[in-house]
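Colleague: I am new to this structure and would like a close look at a single part of it. Please take the place where two neighbouring helices pack, and then set that place within the rest of the protein.

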Amino acid sequence: MTSKFYQQYPKFHVAVDCIIFGFQAGKLKLLLQKRPFEPRQGEWSLMGGFVNRDEDIEDAAQRVLHELTGLHGLYMRQVGAFGSVNRDSGSRVISIAYFALVDIEKVNKDLTYQNSAYWEDVTHLPVLLFDHMEMVRCALQRLRTLIPSRPVGFHLLPHLFTLTQLQQLYEAILGESIDKRNFRKRVNEMPFIEKTDEIDRVNSKRGATLYRFNERAYQEAQFFKL
């Protein structure tokens with residue numbers, strides 16, 4: 001039986017909104033959709049959904065991510081809660097925003113098409129409805145805080161990557177150019193970025209060495225810092 005204490009307060013919707021970042025052709029990109037229903041049908045928005053009664057908030061976010069990308073276990077971090085009274089013109093909705101990092105090549109393209117979703121360069125975003133642009137700004141700030149000290153960027157790259165791709169990724173996230181010589185010197189000092197015997201002959205005419213991220217070596221490096 002519901003306590004009278006709870007009954008005296010209003011009920012409203014709880015939603016999750018997902019800021020889905022990808023990386024392609026040297027650009028940091030964001031997955032957006034044309035809103036398929038009213039209010040504000042046809043306008044640009046983030047991807048999201050309501051939290052079910054029997055569902056934890058993080059589980060709801062992972063469900064939404066799976067429904068839109070076809071992927072499980074994506075790297076995801078909470079950005080914050082957005083609850084201005086009039087933020088959603090359809091009803092009173094409090095939204096918990098999460099950002100996720102994906103390898104665009106692994107995303108299910110059929111799901112992207114079915115959801116009227118498109119990858120857009122974060123530096124040339126269209127006007128987004130409600131407070132979604134504020135969510136994007138907060139997510140970018142959080143990502144930029146993490147990238148210098150945590151290897152989160154590797155979630156955006158293929159399993160094997162070139163140092164040029166890695167530098168372009170950091171530049172795209174930070175929004176600034178990085179000196180090539182200093183960057184490669186720093187990479188050489190990281191034991192968890194492994195050089196392989198494989199060569200990229202598709203994106204490099206001269207052939208560029210491919211590297212990979214070694215999770216075990218990273219965890220060991222963190223252990224010895226303690």
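Modeller: What follows starts with the whole protein, goes on to the pair of helices, and ends with the cores and some loops.

The model is a predicted one. The protein has 226 residues, and 42% of them count as buried. Its secondary structure consists of 7 helices and 9 strands. Taken along the principal axes, the C-alpha atoms fill a box of roughly 65 × 45 × 30 Å. The accessible surface is about 13800 Å², and carbon and sulfur atoms account for 49% of that surface. If one takes the contacts between residues at least 6 apart in sequence, 65% of these join residues at least 24 apart.

Now the part you asked about. The two helices are H5, residues 163-174, and H6, residues 180-188. Their axes lie 11 Å apart, and the helices pack at an angle of about 110 degrees. Angles of 65 to 115 degrees count as roughly perpendicular, and H5 and H6 are therefore roughly perpendicular to each other. On the H5 side, the contact is made by Leu163, Thr164, Leu166, Gln167 and Tyr170. On the H6 side, Lys180, Phe183, Arg184 and Val187 take part. By type, the residues of this contact divide into 5 nonpolar, 2 polar and 2 charged.

One residue from each helix shows how the contact is built. From H6, take phenylalanine 183. Its relative accessible area is 7%, so phenylalanine 183 is buried. Not counting residues up to four places away in sequence, phenylalanine 183 touches Leu163, Leu166, Gln167, Tyr170 and Ile178. Phenylalanine 183 can also be set against phenylalanine 37, which is 146 residues away in sequence; from C-alpha to C-alpha the two are 46 Å apart in space.

From H5, take glutamine 167. Glutamine 167 has a relative accessibility of 8% and therefore counts as buried. With neighbours within four places in sequence left aside, glutamine 167 is in contact with Ile178, Asp179, Lys180 and Phe183. Ile178 is thus touched by phenylalanine 183 and by glutamine 167.

Leu166 leads from the helix pair to the nonpolar core. The largest nonpolar core has 42 residues, and Leu166 is listed with Ile19, Phe21, Phe99 and Ile193 as having the most contacts inside it. Helix H4, residues 132-146, gives the most to this core, with 6 residues. A second core, separate from that one, has 22 residues, among them Ile20, Leu71, Ala100 and Ile104.

Phe99 gives a view of the surroundings in the 42-residue core. Apart from its neighbours within four places in sequence, phenylalanine 99 is in contact with Ile19, Phe21, Tyr75, Met76, Arg77, Val79, Ala139, Arg142, Leu143 and Leu146.

Leu166 is also touched by leucine 157, whose place is in the loop between H4 and H5. With a relative accessible area of 5%, leucine 157 is buried. Besides Leu166, leucine 157 touches Phe23, Asp103, Gln165 and Leu169, residues up to four places away in sequence not being counted. Leucine 157 and histidine 66 are 91 residues apart along the chain, and their C-alpha atoms are separated by 19 Å.

For the rest, some features of the backbone deserve a look. Most residues other than glycine have a negative phi, and most peptide bonds are trans. The bond joining glutamate 38 and proline 39 is a cis peptide bond, with omega about 0 degrees. Proline 39 is found in the loop between strand E2 (27-34) and strand E3 (44-45). Arginine 40 lies in that loop between E2 and E3 as well, and its phi is positive, near 65 degrees. At 31% relative accessibility, arginine 40 counts as partly exposed. Serine 116, in the loop between helix H3 (109-114) and strand E7 (117-121), has a positive phi of about 50 degrees. Serine 116 counts as partly exposed, at 29% relative accessibility.

Strand E3 contains serine 45. The relative accessible area of serine 45 is 2%, so this residue is buried. Serine 45 touches Leu32, Gln33, Arg35, Leu128, Leu129 and His132, not counting residues up to four places away in sequence.

Methods. Residues numbered from 1 in each chain as written. Predicted model: local features only at pLDDT ≥ 70, side-chain atom pairs only at ≥ 80, totals over all residues. Heavy atoms only, no water. Axes fitted to C-alpha atoms, helices over the stretch in contact; angles between N-to-C directions. Helix = DSSP H or I, 4+ residues; strand = E, 2+ residues; numbered from the N terminus. Parallel < 35°, antiparallel > 145°, perpendicular 65-115°, else oblique. Contact = heavy atoms within 4.5 Å. Nonpolar A, V, L, I, M, F, W, Y, C, P; charged D, E, K, R; others polar. Buried < 20%, exposed > 50% of the residue type's maximum accessible area, 1.4 Å probe, protein only. Areas by Shrake-Rupley, 256 points an atom, 1.4 Å probe, with all protein chains shown as cover. Core = buried A, V, L, I, M, F, W, Y, C linked by side-chain atoms within 4.5 Å.
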